[in-house]
Every structure is written in C-alpha cells, then in structure tokens.
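Subject: The structure I promised you

Hi,

Here is the structure we talked about, with my notes underneath. Have a look at it first, then read on.

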Amino acid sequence: MLGTHQHPPNTDHAHAEHAPVSAPGVIYTCPMHAQIRRNEPGNCPICGMTLEPLDPGQAGASSAELQDMTRRFVIGAVLAGPVLFLEMGGHFPGLNLHRYVSPTLSMWIQFALATPVVLWAGWPFFERAWSSVLNRSLNMFSLIGLGVAAAYLYSLVATFVPGLFPLALRQRGDHIPLYYEAAAVITVLVLLGQVLELRARERTGGAIRALLNLAPKSARRIIDADREEEIPLDQVRVGDRLRIRPGDAVPVDGCVIDGKSAVDESMVTGESMPVEKATGVKLIGGTINGTGALLMRAEKIGSDTMLSRIVHMVADAQRSRAPIQRLVDVVSAWFVPAVIVAALIAFAAWMIWGPAPALAYAVVAAVSVLIIACPCALGLATPMSIMVGVGKGATAGVLIRNAEALERFEKIDTLVVDKTGTLTEGKPRVVAVVAAEGFDETTVLSLGASLERSSEHPLAAAIIASAGQRNLALQKVTNFGSVTGKGVTGLVAGRRVAVGNIKLMNDLHIASAELESRAEAARSDGATAVFVAIDARPAGVIAVADPIKATTPAALERLRADGIRIVMLTGDNRTTAQAIAAKLGITEVEAEVLPDQKNATVRRLRGEGRVVAMAGDGVNDAPALAEADVGVAMGTGTEVAMQSAGMTLVKGDLAGIVRARALSRATMRNIRQNLVLAFVYNALGIPLAAGVLYPAFGLLLSPMFAAAAMSLSSVSVIGNALRLRVTKI
C-alpha cells in the first residue's frame with residue numbers, strides 16, 4: 001500500500017459497503033499509516049486500506065472487511081466464470097462454441113454477467129481509487145480502478161456504439177473484440193488477493209490475540225473466612241484478595257499473601273521454566289498457576305496490568321514505521337504516476353507500430369501494465385515483516401516500542417549496561433555491618449535504616465530489610481535531604497545522621513582511615529560500602545551485596561562472541577564495580593558516574609562512531625536510555641526507564657538482549673527479501689505487460705494473467721513475512 005502524504009482527519013469520506021457501526025469512543029487507524037486517526041470506520045485516505053480499531057482489544061476475531069471481501073469474491077467468481085468461458089471458448093475451434101451461442105448473444109450475456117462483477121463486486125476499488133484522486137495520494141487502487149475501468153468502458157462502447165470503431169477492428173460478424181472477461185476476472189483476482197491479504201493480516205495479529213486470551217474472564221474474590229465469590233474480571237478492585245486454584249490463570253497483577261506454587265510465565269516473559277512463588281512474591285496477570293494453591297492481593301488492574309501494557313505496546317509498535325520504509329516512500333511518491341506514464345507509452349507504441357487491430361492490442365498492453373504494476377507488494381514488504389516480528393518478540397519476552405528500535409538493533413556494536421538491576425538481581429542484601437569505635441552495630445543499622453526509609457534507592461531497601469530481620473525499631477526522620485548520586489541526610493531522634501558513599505562523607509568533611517580500609521575490603525569482594533555518620537562523626541560501614549543474575553554470564557558471552565563491545569556504567573564505587581566486572585569478564589568499566597553523567601558517556605561513545613544500546617532499569621538510567629541509539633529497559637525496573645527505552649525485556653535479564661538481536665536480524669533480513677521480491681517483480685512485470693516479448697516471440701501478456709501475477713506477488717510477500725513466526729530466536 002502506497003502513499004507518502006498526510007491529510008487532515010476530515011478528508012476521508014469513502015466507506016466500504018456494510019462498514020461496521022462505530023462504537024462510542026473507538027478510534028480507528030490505518031495499519032500502514034499510523035498517523036491516520038478517525039472516530040468512525042472507513043478507508044485510509046493515503047493507501048485505501050480499511051481502518052481498524054486503535055485498541056487491539058476492540059478488534060473482532062474476523063474483520064467485517066474480510067467478510068465483505070469474501071462475499072464479493074465468491075459472488076464475483078460465480079458470475080465471472082461463464083464470462084471467461086464464453087470469451088475464451090470462442091478462440092478454441094474444437095469447442096465449436098459459436099454453433100451454440102452466437103457472437104451477439106455471447107456479447108449480451110458477457111455484458112449482463114460482467115457488469116455486476118465490475119460495478120458491485122469491484123465497487124470498493126473504484127471508491128478507493130476516486131478517494132486517492134481527491135486526496136492527491138495515488139495508490140494501488142488508483143491503478144486497479146483505472147485498469148478495470150478502461151477494459152470495461154472499452155467493452156461497453158463496443159457493445160452499444162460499435163460504429164465508433166474503425167472497420168479494421170471488426171471481427172466475427174462485424175463484432176468489436178470485447179474485454180468483459182478481462183475486467184471481470186481482474187476484479188475477481190484482485191478480490192482474491194485482498195481476501196488472502198486480510199487473512200494474513202489477521203494472522204500477523206495472532207500474537208496480540210494470544211496475549212489478550214491469556215487474561216481470564218473472571219476471578220475468585222475472598223469475601224470473608226467462609227465465603228468467596230466468582231466475579232467478572234472488570235469488577236476486581238485494587239486490594240481485593242483473590243484465590244488462584246491449581247491450573248488457573250492469574251487474573252491481575254499483585255503479590256502472593258499465602259500459599260506456594262510454581263507459575264508458568266512463558267507467554268509473558270519468554271522464560272520457559274516455571275517460577276516459584278511464595279508469600280511476598282509478585283504475580284503477573286495472565287500467567288498460569290501450577291499445582292499449588294495461592295492467595296493473592298490485587299495491586300494493578302485493567303489497563304495498568306503488565307499484560308495490558310504489553311498488548312498496547314505491541315499494537316503501537318506494529319503500526320510504527322521503520323526507517324527503511326523511507327526508501328519505499330521515496331519510490332512510492334513517483335511509482336504510480338510513472339506506471340500511468342508507462343501505460344500511456346505502451347498504448348501509444350502499439351497504436352503506432354502494432355499490428356492490426358492496433359487499438360485492441362494497445363488497450364490490452366495498457367491495461368496489463370496498469371494491473372501488473374500495482375504496488376501492493378512493495379507497500380506490504382516492510383509493514384508485514386514489522387507486524388510479525390513485533391508479535392514474535394512479544395511472545396519471547398521482548399517488547400518493542402517502535403519499528404525504528406527493531407531496525408537499529410541489528411546494527412548495534414556497543415552495549416552499555418548498568419550494574420544494579422541489570423547485571424545483578426537488583427535485590428541487594430546486607431552482608432556485614434562494621435561499627436566504628438564508640439558505636440555499636442545496632443545503633444549504626446537502626447539509625448541508618450530509619451533515615452533510608454525515606455529513600456527509594458535499592459540499597460536503602462536492603463538496609464531497611466536487614467533492620468527488620470533484627471527486629472530493630474525505626475524512628476521518625478525530620479529535615480530529610482537527598483544528595484543526588486551521593487546519599488541522604490536528616491535528623492533521627494535528635495541526632496544528625498548521614499548515609500551514603502565516600503563522596504558524601506568528603507562533602508561533610510567526615511573521614512576515617514579504619515572504616516575506609518574496611519570498606520575497600522568489602523568492595524574488593526563485590527559488595528557496596530555504605531558509610532554511616534552520626535553527629536558529624538564516622539559511625540560505621542554497612543556492606544551491601546547484590547548477587548549477579550544467573551543468566552548474565554552466558555548472555556554476555558554470546559554477545560561478545562557476536563562482536564559486541566560491553567561497557568559497564570555504574571554509579572557504584574570503582575572497586576566494587578571492578579570486582580563484579582572481573583567475575584563477568586567485562587574489561588571496560590566506568591564507575592562512580594553520577595546520573596547526569598550517564599547520558600554524556602553514551603553520547604561520547606556515539607560520537608566515536610559506535611552504534612550504542614543502553615540497558616538499565618532505574619530512574620537514573622532514563623536519560624541514558626533516551627540518548628542511546630536503542631534503549632533497553634528491564635521489565636523489572638521503573639516505569640520511567642521503560643517509557644524512555646525502545647525495547648523492554650519483560651523478564652529483566654540480558655538473555656532477552658540476545659533474543660532481541662536475533663529477532664532484529666531475522667526481521668531486517670525478511671524485509672530485505674520482501675523488497676527484493678517486490679522490486680524484481682515490478683522490474684520484470686512492467687516490460688512483459690507492455691509487450692517487450694511480442695516482436696521476438698509473439699507473446700503478449702493478458703490482463704487476466706497480469707492480475708493473477710499482481711495478486712501472487714502480494715501473497716508471496718505476506719507468506720515470506722509469516723515465516724518469521726517460526727524463526728527461532
């Protein structure tokens with residue numbers, strides 16, 4: 001489908017027959033031109049395709065357009081069959097068809113049967129062709145409408161006003177050659193192509209429908225100790241207690257409050273192994289419970305659930321345009337006018353140099369050029385592959401925000417990774433508390449945890465959790481202050497407390513050689529050292545370790561083998577960062593980097609000519625994610641990170657990057673194959689249709705064969721795109 005111009009919403013007036021009635025609040029968009037938005041169904045003013053609901057949940061299992069086109073195709077085929085038989089049968093002497101049906105009777109039968117095929121079955125094509133002229137956006141329907149109209153009107157004039165034609169054109173009893181069969185069969189073949197294309201488009205949306213079907217229709221809500229009720233999913237509210245029986249789908253996002261089981265998260269995260277769930281562990285709506293029974297508390301419902309967000313992200317990405325599409329757009333801007341010129345040249349050449357009857361040959365050649373050059377295959381080449389590729393990624397736990405990210409990821413040669421939450425679990429725990437002289441571990445941990453309760457840093461959660469495990473009471477904090485990239489300060493029970501890194505201690509002019517030595521020992525073992533100062537005196541060091549994710553080493557090894565340069569970028573202490581890097585074989589480490597410096601590092605790498613992907617999970621990673629050629633957010637991280645990234649890994653581990661790279665390569669390879677198919681098809685088809693083989697071999701392509709070839713080209717491109725569904729990533 002072609003077209004490169006944008007038009008205001010009020011330019012679309014064409015509607016397919018039996019168009020569905022618009023539901024209140026439903027927004028419709030073009031699957032090939034995402035900038036088109038309508039509040040009612042209709043056709044795209046650029047390419048002529050039928051608009052579909054923007055919200056994938058509002059799209060039916062079988063579109064009204066597919067049903068309508070199928071009905072038109074079936075009825076059109078039934079009527080076109082006799083027309084083809086009457087016309088072609090007259091050219092086979094052995095059939096002796098004229099003995100039974102005179103040329104005059106044959107002409108009127110063809111007129112009677114071909115007219116409803118062209119004017120009813122093919123009417124949507126004429127509507128869209130006319131709309132393309134009004135909107136100054138010529139497309140495939142422009143050529144189809146022009147070609148079919150030329151063949152039909154030529155035959156109509158020959159039927160009712162034959163005296164307008166020269167005597168040299170007359171055959172068999174003074175009858176002018178007719179092309180009703182060409183107009184009717186072309187219409188039927190184009191309808192067949194539309195039916196096959198629409199069915200394939202529905203298959204490309206299979207990933208979204210599979211995700212939508214994951215959500216159960218109801219949930220079992222606990223009323224009290226003895227009662228529970230089954231309610232529709234849309235009646236679940238935040239805070240509801242829900243029972244999940246063995247084999248049930250988890251209704252919404254939340255956490256386990258009782259029970260233990262293994263949950264299959266493969267359709268959402270791409271993780272094939274079931275994940276153990278116990279009290280306090282998060283649950284994702286749409287995942288499947290195993291053999292255990294669970295009691296959960298609903299935390300996110302409706303459009304806030306991860307499943308809903310995934311569905312909308314996939315739908316938006318499938319409609320986005322890849323940069324490679326610009327090549328198609330440039331060609332598209334000139335292609336249809338060029339084809340019309342080529343058809344006129346072919347017509348003129350046959351009229352001047354063609355054998356008698358020259359007019360008949362000229363009409364055949366011009367119509368064949370118009371039909372065979374329909375740019376449907378060219379327009380479908382990129383969007384079909386993008387739709388299938390994005391859907392494939394969704395089922396593998398790789399959410400792609402837009403087609404540009406999918407295309408760029410193939411060219412990535414440098415991966416910048418955050419440490420905490422990306423290379424590591426992001427769930428640090430306290431491994432040691434060292435008190436300075438004059439303080440004890442309990443005081444250091446209690447006051448430090450009290451202050452950190454007002455912080456959102458991952459290390460703060462670990463310190464608070466450790467205090468909880470020791471049953472230490474946390475006290476009220478006043479005058480709380482946060483120093484970005486350094487730590488926090490405040491008053492706890494009347495005492496001035498500061499918790500942070502060595503930079504914060506230096507800013508406060510607090511130093512202790514003994515504590516620094518103990519901190520360095522913790523760092524060399526891969527732990528992060530958090531300093532605690534009380535009343536402007538060094539009070540102690542809390543060592544916090546964050547275990548490396550189990551999948552990280554293998555993922556990094558595969559990326560290195562693929563020629564990817566790995567750079568660790570972290571705000572953590574250099575010694576700690578080097579210790580983690582050494583365990584993972586990472587040789588390039590940029591440590592002690594403040595949040596506002598992370599994007600500067602990414603910018604510097606890009607300035608060196610590198611194509612950079614940045615993987616991170618925190619708020620402080622958002623600027624760097626946006627700065628990178630492709631930002632990759634961990635699905636276990638913050639909402640800000642995910643909004644800033646081009647891709648999100650639902651599972652939140654680097655194995656997803658390996659899958660994303662394989663998907664990007666497979667999709668871009670598929671797009672290039674489609675473009676080659678489309679370009680080669682048009683490069684060969686137009687000269688053949690114009691009659692280049694006639695002087696040497698006496699061969700002239702029939703408009704019917706041109707229509708069949710045009711439909712076949714579209715089907716071949718769609719079929720090639722669908723191969724992505726079975727590609728292993």
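In what sense do strand β14 and strand β21 pair, and over how many bridges? They pair in the parallel sense: β14 covers residues 414–417, β21 covers residues 565–569, and four bridges join them. One matched position to look for is Val-417, which stands opposite Met-568 in β21. Before you go further, keep in mind that this is a predicted model.

**The seven-stranded sheet**

Those two strands belong to an open sheet of seven strands, in the order β13-β25-β24-β23-β14-β21-β22, and the pairing is mixed. At the edges sit β13 (398–400) and β22, each of which pairs on one side only. On average, neighbouring strands here are turned by 20 degrees against each other, if you ignore direction. Helix α23 (residues 655–690) packs on the sheet. Among the strands α23 touches are β23 (612–616), β24 (630–634) and β25 (647–649), and its direction makes about 55 degrees with that of β13.

**A strand with two faces**

Next, try β6 (residues 241–244). Leu-242 and Ile-244 point to one face and are buried, while Arg-241 and Arg-243 point to the other and are not. That fits a general pattern: in a regular strand the side chains alternate between the two faces of the sheet.

β6 also has partners. With strand β4 (residues 218–222) it pairs in the antiparallel sense over two bridges, and with strand β12 (residues 294–300) it runs antiparallel, joined by four bridges. Arg-243 is a handy landmark: Arg-220 stands opposite it, and in β12 its bridge partner is Leu-295.

**The cores**

The largest nonpolar core has 54 residues. Phe-125, Val-148, Tyr-179, Val-339 and Val-369 have the most contacts inside it. Several helices give two or more residues to this core, including α1 (64–89), α2 (103–121), α5 (180–204), α9 (325–353) and also α23, the helix that packs on the sheet. The biggest contribution comes from α10, with eleven residues. As a general rule, in soluble globular proteins nonpolar side chains tend to be buried together.

If you want one residue to start from, pick Val-148. Setting aside residues up to four places away in sequence, Val-148 touches Val-118, Phe-126, Ala-183, Ile-186, Thr-187 and Ile-371. There is also a second, separate core of 45 residues, with Ala-405, Leu-559, Val-589 and Ala-660 among its members.

**A serine in α4**

Is Ser-142 buried or exposed? This residue lies in helix α4 (residues 140–160), and it counts as buried because its relative accessibility is 10%, below the 20% cut-off. Leaving out neighbours within four places in sequence, Ser-142 is in contact with Ala-129, Ser-132 and Val-336. Ser-142 and Arg-128 are 14 residues apart in sequence, and their C-alpha atoms are 7.4 Å apart in space.

**Two loop residues**

Last, a couple of backbone oddities. Asn-471 has a positive phi of about 60 degrees although it is not a glycine. You will find Asn-471 in the loop between α15 (458–469) and β16 (477–483), where it is exposed, with a relative accessible area of 71%. Glu-592 is not a glycine either, yet has a positive phi of about 55 degrees. Glu-592 sits in the loop between β22 (588–590) and α20 (595–607), and at 31% relative accessibility it counts as partly exposed.

Happy browsing!

Definitions and conventions: Residues are numbered from 1 along each chain as its sequence is written. This is a predicted model: local features need pLDDT of at least 70, side-chain atom pairs count only at pLDDT 80 or more; totals for chains, interfaces and linings use all residues. Side-chain values use heavy atoms; hydrogens and water are left out. Buried means under 20% relative accessible area, exposed over 50%, partly exposed in between (1.4 Å probe, protein chains only). Contact means heavy atoms within 4.5 Å. Two strands pair if DSSP finds at least two bridges between them. Axes are lines fitted to C-alpha atoms, for helices over the stretch in contact, and angles run from 0 to 180 degrees between N-to-C directions. A nonpolar core is a set of buried Ala, Val, Leu, Ile, Met, Phe, Trp, Tyr and Cys residues joined through side-chain atoms within 4.5 Å.
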